[in-house]
Amino acid sequence: MSGIEAEELSKRFGSLTAVNRLSFEVGTGEIFGLLGPNGSGKTTTVRLLACLIAPSGGSARVAGFDILREPLKVREAVGVLTENPGIYDRLTALENMEFFAEAYGLRNKVERDTRIRELFEFFDLWERRGDKAGTFSKGMRQKLAIAKAVVHSPEVLFLDEPSSGLDPKAAKDIRDLMERMSRQEKQTIILCTHNLEEAERLCSRVMIIKKGSPLAMGSIEELQKKLRGAPELEIGIAGVEDGLLKKAAKLRGVNSMKPGKGGVLIFDLDDAEVRTPDIVEELVKAGARVKSVNIIRPTLEDTYLELTKEGSR
Amino acid sequence: MRADRLLLVFRKDWLEVRRNWEIMAPILIIPLIFCVALPSMILLIPETSSSSNDLEGIIRILPEAVKNEIIGFNDNQIIAYLMLTFIFMPFFLLIPAMASSVIASDSFAGEKERKTIEGLLATPLTDGELMVGKMLVAFVPSMIVTLLSFVVYTALVDILGLSLFGRFVLPTINWLLVILLLAPAVSVTGIAVTVIVSARVKGFREAQQLSVLIIVPIMGLVVGQVLGVLLLVPTVIVILFVIFVIIDIIILKIGLGMFEREEILSRIR
């Protein structure tokens, strides 16, 4: 069963189309990245799927419930970390957690207390549970916000910039938590982020949207291949000569070759992973003094920037 | 709508409200002015300057029960008695209206300003639970303050007025009906209107400015009482109570019908 199934999901605010016929499926236990520049429609998409706003068109099922017919069931089944932490400054960390735990249906006090303690200990907030949230640092507020979003162990979790404001250790803890929730507890996670490294590390698939419309969707590798083709091979050589350049361009399996800066030769190959040892061997035989060998793969950042740059779409 | 969830919203909001002095100060100061200043002003200033002709005009329009109460009183006693037991009565409808308007204005508008509204609306609490829970947190403290103010006012009038009247003059049946029936009904009207407004504006100040309008009909009752046009006697109080209850039910139904999470989210600054 899919965690999320969206079909032609659309949202218009007057003449502005914030989300334009988005269709996608997210499998149970999958971490799915929603990427796009500011104002691309990520937050609106999350609000639609979390039943905070109603779609203008299309439909969706979240955790098996229809967002139009069963909004309460959807809200019970999902956890949402919004752009703002959304915690009550005048309440203590514990009072905040107790409120959200009860609101999300954790009625058994022992069960509730155990879960809250478990999360507070995980996020290093146990010692500060009696302090008002207004006295917390940005990072601590973010941890508390994530803790409240996952307090009821939701089947589907929407996280908007979860590592924003966190120090590297806390950001890693959050990533570990997401991986654990996805793998062990089979919780579906939608991750909205500008942190492409984080998306690359965590998401099995991503969707890049711009102005409410999908630009690309697939695994990171699929998107990279689609946009930039196969990885390139870069070989650094001491003292490049014209003769060597001519021989290198004619090597078997080389589609094209261009010299780069500082004696680097850049090869376009059909399969860089397989062909690299042969190319290096043949260059050495041809008299080249090889300094370095690198297989250059386009990053998600390259793909993202290429897709979302002004003028594209 | 589940009672435990109403109480959950109530408890959360009450914890916030009681730690917020911007809200608590007006709730406590206004009743203090009414319940202490009004009787002190009348009973600690010895002479009044109304002519006997004015007084006869006022006495003529009083109900028989009140006329019987003032038999044997001199002019000063009559004026003090009428002020303390009659004229000031509708002022005590202002206490719950004003106290609750501060909390009710903060209900949704405050959450929007503090950017906590989205997290709240994302919970599985129903529209009714959110709205009625928010109303409850405005209603309960304002009624407690009203009852306490009435107790303090009654005690002050009876203690300070004992030498003037020679007996305790409060509470009267009119006062009890106003405090126990009319005040809650009027309070609910004000709260329901203000919570609806609070959900549809962007900030606390806007909500509070609009909620002040609820004081207009109450001021009408004050003027009616002072001019003798609409005296708050038991029959009138019960009729007004029924009218306000009907208004409350209508406003609540309209409010629940108008409650939309999307509309609330669209009004975040």
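The following questions and answers walk through selected features of this predicted model.

Residues are numbered from 1 along each chain as its sequence is written, and chains are lettered from A and ligands numbered from 1 in the order in which they are written. Local features need pLDDT of at least 70, side-chain atom pairs count only at pLDDT 80 or more, totals for chains, interfaces and linings use all residues, and side-chain values use heavy atoms, with hydrogens and water left out.

Me: Which helix gives the most residues to the largest nonpolar core?
Reply: A nonpolar core is a set of buried Ala, Val, Leu, Ile, Met, Phe, Trp, Tyr and Cys residues joined through side-chain atoms within 4.5 Å, where buried means under 20% relative accessible area, exposed over 50% and partly exposed in between, with a 1.4 Å probe and protein chains only. The largest such core has 124 residues, and Ile4(A), Phe24(A), Val62(A), Phe158(A) and Tyr153(B) touch the most other members. Helices (H or I, at least four residues) and strands (E, at least two) are DSSP runs numbered from the N terminus. With 14 residues, the element that gives the most to this core is helix 9 (residues 173-200) of chain B.

Me: Which residue of strand 1 stands opposite Phe24(A) in strand 2 of chain A?
Reply: Two strands pair if DSSP finds at least two bridges between them, and eight bridges join strand 1 (residues 2-13) of chain A to strand 2 of chain A, the two running antiparallel. Contact means heavy atoms within 4.5 Å, and, not counting residues up to four places away in sequence, Phe24(A) touches residues including Ile4(A), Phe32(A), Leu49(A) and Met217(A). The residue standing opposite Phe24(A) is Ala6(A).

Me: Which strands are the edge strands of the open sheet in chain A?
Reply: This open sheet has four strands in the order 2-1-4-5, with antiparallel pairing. An edge strand here pairs on one side only, and the two that do so in chain A are strand 2 (16-27) and strand 5 (65-66).

Me: Is Arg21(A) buried or exposed?
Reply: Arg21(A) has its place in strand 2 of chain A, and its phi is positive, about 50°, although Arg21(A) is not a glycine. Because its relative accessibility is 52%, Arg21(A) counts as exposed.

Me: Is Glu161(A) buried or exposed?
Reply: Glu161(A) is another residue other than glycine with a positive phi, near 50°, and its place is in the loop between strand 7 (156-160) and helix 6 (168-183) of chain A. Because its relative accessibility is 19%, Glu161(A) counts as buried.

Me: What is the relative accessible area of Asp106(B)?
Reply: Asp106(B) lies in helix 6 (residues 91-113) of chain B, and, leaving out residues up to four places away in sequence, Asp106(B) touches Ile23(B), Glu111(B), Arg114(B), Ser198(B) and Phe204(B). Asp106(B) is buried, with a relative accessible area of 10%.

Me: How many Å apart in space are Ala99(B) and Glu111(B)?
Reply: Ala99(B) lies in helix 6 of chain B and, leaving aside neighbours within four places in sequence, is in contact with Ile27(B) and Ser142(B). Ala99(B) and Glu111(B) are twelve residues apart in sequence, and from C-alpha to C-alpha their separation in space is 19 Å.

Me: Which residue is joined to Leu170(B) by a cis peptide bond?
Reply: The bond has an omega of about 0°. The residue in question has its place in the loop between helix 8 (127-165) and helix 9 of chain B, and is Pro171(B).
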